[in-house]
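Work through these short exercises with the model open. Try each task before you read its solution.

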Amino acid sequence: MLTSVNAELLRALADPLRLRIVCLLARESLCTTHLVEETGARQTNLSNHLRVLREAGVVVTEPCGRFTYYRLRPEVLVDLAAFLGGLAEEGRETAPARRPCG
């Protein structure tokens, strides 16, 4: 069943820049400066995208001196993968099923 959490998460990951950020954070924790260098995005734009990812629960912040590092929460993606895998399995099992029109 599609929950509001899954829908919010899918919306957050649907943006190409946010997906790129998630891919970068899968390798290591990075601060905004690193993400600006890696993506070429403007800092304000990047901050807005990071806010969306934080609100969706995909990333968490870790203060380090005057910098803030962002870290991926892999368990969120594991849960989403399980949800999508369940949908795929359900689709395989019910593919021949058809509701009659009337």
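**Exercise 1.** Classify Arg-51 as buried, partly exposed or exposed, then find its salt-bridge partner.

*Solution.*
- Start with accessibility. In this predicted model, Arg-51 has 35% relative accessibility. The partly exposed class runs between 20% and 50%, so Arg-51 counts as partly exposed.
- Next, the partner. Arg-51 forms a salt bridge with Glu-55, and their closest N and O atoms are 3.6 Å apart. The cut-off is 4 Å.
- Check the partner's class. Glu-55 is exposed, at 53%.
- Now place the pair. Both residues lie in helix 4 (residues 43-55), four residues apart, about one turn of the helix.
- Residues three or four places apart in an α-helix point the same way, because there are 3.6 residues a turn.

**Exercise 2.** Find the salt-bridge partner of Arg-92 and say how far apart the two residues are in helix 5.

*Solution.*
- The partner is Glu-89, with the closest N and O atoms 3.1 Å apart.
- Arg-92 and Glu-89 are three residues apart in helix 5, about one turn.
- Arg-92 is exposed, at 57% relative accessibility. Glu-89 is partly exposed, at 35%.

**Exercise 3.** Which residues of helix 2 are buried, and which are exposed on the other side?

*Solution.*
- Helix 2 covers residues 16-27.
- Its buried residues are Leu-17, Arg-18, Ile-21, Val-22, Leu-24 and Leu-25. They span an arc of only 165° around the axis, so they sit on the same side of helix 2.
- On the other side, Pro-16, Ala-26 and Arg-27 are exposed.
- Finish at the N-terminal end. Asp-15 caps it: a side-chain oxygen lies 2.9 Å from the backbone nitrogen of Leu-17.

Note on methods. Residues are numbered from 1 along each chain as its sequence is written. This is a predicted model: local features need pLDDT of at least 70, side-chain atom pairs count only at pLDDT 80 or more; totals for chains, interfaces and linings use all residues. Side-chain values use heavy atoms; hydrogens and water are left out. The expected span of a helix is 1.5 Å times one less than its number of residues. Buried means under 20% relative accessible area, exposed over 50%, partly exposed in between (1.4 Å probe, protein chains only). The arc is that of the directions from the helix axis to the C-beta atoms. A polar contact is a pair of N or O atoms within 3.5 Å; within protein, one must be able to donate a hydrogen and the other to accept it, and residues adjacent in sequence count only if both atoms are side-chain atoms. A salt bridge is a side-chain nitrogen of Lys or Arg within 4 Å of a carboxyl oxygen of Asp or Glu.
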